[in-house]
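This report goes through a single protein chain, moving from its interior to its sheet, helices and cysteines. Please keep the sequence and the structure in view while reading.

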Amino acid sequence: MQNVTLNVQGMSCGHCVNAVEKSVGALTGVDQVKVNLAEGLVDVAFDEAKVSLDQIKETIDDQGYDVK
């Protein structure tokens, strides 16, 4: 299990939090997603054998947010 914290720009409300948590959480291999809206951070625990960090970043990007 790998843990990563991503800096995500563009999130501004509860809808943003739900969109990111739901979409990333739906990926096979993702164990936990936690968004800190105030800091613009997304913590993800995932199995790197089942999902890549690039797939996680792409999923967040597909929701309209910018991963730094």
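## I60 and the nonpolar core

In this predicted model, I60 touches L6, V8, V20, V24, Y65 and V67, when residues up to four places away in sequence are not counted. I60 also belongs to the largest nonpolar core, a set of 20 residues in which I56 and I60 are those with the most contacts. Residues of this core come from several elements, since β1, α1, β2, β3 and α2 each supply at least two of them, and α1 gives the most, with five residues. In soluble globular proteins, nonpolar side chains tend to be buried together.

## The sheet and its pairing

Four strands make up an open sheet in the order β2-β3-β1-β4, and their pairing is antiparallel. The edge positions are taken by β2 (30-36) and β4 (66-67), each of which pairs on one side only. Strands of a sheet pair through backbone hydrogen bonds, either parallel or antiparallel.

Strand β1, residues 2-9, is joined to strand β3, residues 41-46, by six bridges in the antiparallel sense. Within the sheet, N3 stands opposite A45 of β3, and T5 has D43 in β3 as its bridge partner. On the pairing of β2 with β3, the sense is again antiparallel and there are six bridges; here K34 stands opposite D43 in β3, while N36 stands opposite L41 in β3. D43 therefore appears in two of these pairs, as the bridge partner of T5 and as the residue opposite K34. The strands β2 and β3 form a hairpin with four residues between them, and in the turn G40 has a positive phi of about 70°.

## Helix α1 and V17

Where does helix α1 pack, and which strands does it touch? Helix α1, residues 14-25, packs on the sheet and touches β2 and β3, with a direction that makes about 165° with that of β2.

V17 is found in this helix, α1, and at a relative accessibility of 15% V17 counts as buried, because the cut-off for that class is under 20%. Apart from residues up to four places away in sequence, V17 touches V35 and L37. The C-alpha atoms of V17 and N36 are separated by 8.1 Å, although the two residues are 19 residues apart along the chain.

## Helix α2 and K57

Helix α2, residues 53-62, lies across β1, β2, β3 and β4 and runs at about 30° to β1. K57 lies in this helix, α2, and is partly exposed, with a relative accessible area of 31%. Once its neighbours within four places in sequence are left aside, K57 is in contact with L6 and V67, two residues that also appear among those touched by I60. Between K57 and V8 there are 9.3 Å in space, C-alpha to C-alpha, for a separation of 49 residues in sequence.

## Two cysteines without a disulfide

Why are C13 and C16 not bonded to each other through their sulfur atoms? The structure holds zero disulfides, and the sulfur of C13 is 3.5 Å from its closest cysteine sulfur, that of C16, which is too far for a bond because a disulfide needs the two sulfur atoms within 2.5 Å. Seen from the other side, the closest cysteine sulfur to that of C16 is the one in C13, at 3.5 Å. A disulfide is a covalent bond between the sulfur atoms of two cysteines.

The accessibility of each cysteine can be stated separately. C13 is partly exposed, with a relative accessible area of 32%, whereas C16 is buried, with a relative accessible area of 5%.

## The annotated span

In UniProt, an unreviewed entry lists residues 2-68 for "domain: HMA". In the model, the end C-alpha atoms of residues 2-68 lie 19 Å apart, and the span is 33% helix and 34% strand.

Conventions:
Residues numbered from 1 in each chain as written. Predicted model: local features only at pLDDT ≥ 70, side-chain atom pairs only at ≥ 80, totals over all residues. Heavy atoms only, no water. Pairing = 2+ DSSP bridges. Helix = DSSP H or I, 4+ residues; strand = E, 2+ residues; numbered from the N terminus. Contact = heavy atoms within 4.5 Å. Axes fitted to C-alpha atoms, helices over the stretch in contact; angles between N-to-C directions. UniProt positions renumbered as here; feature names shortened; annotations may be inferred. Core = buried A, V, L, I, M, F, W, Y, C linked by side-chain atoms within 4.5 Å. Buried < 20%, exposed > 50% of the residue type's maximum accessible area, 1.4 Å probe, protein only.
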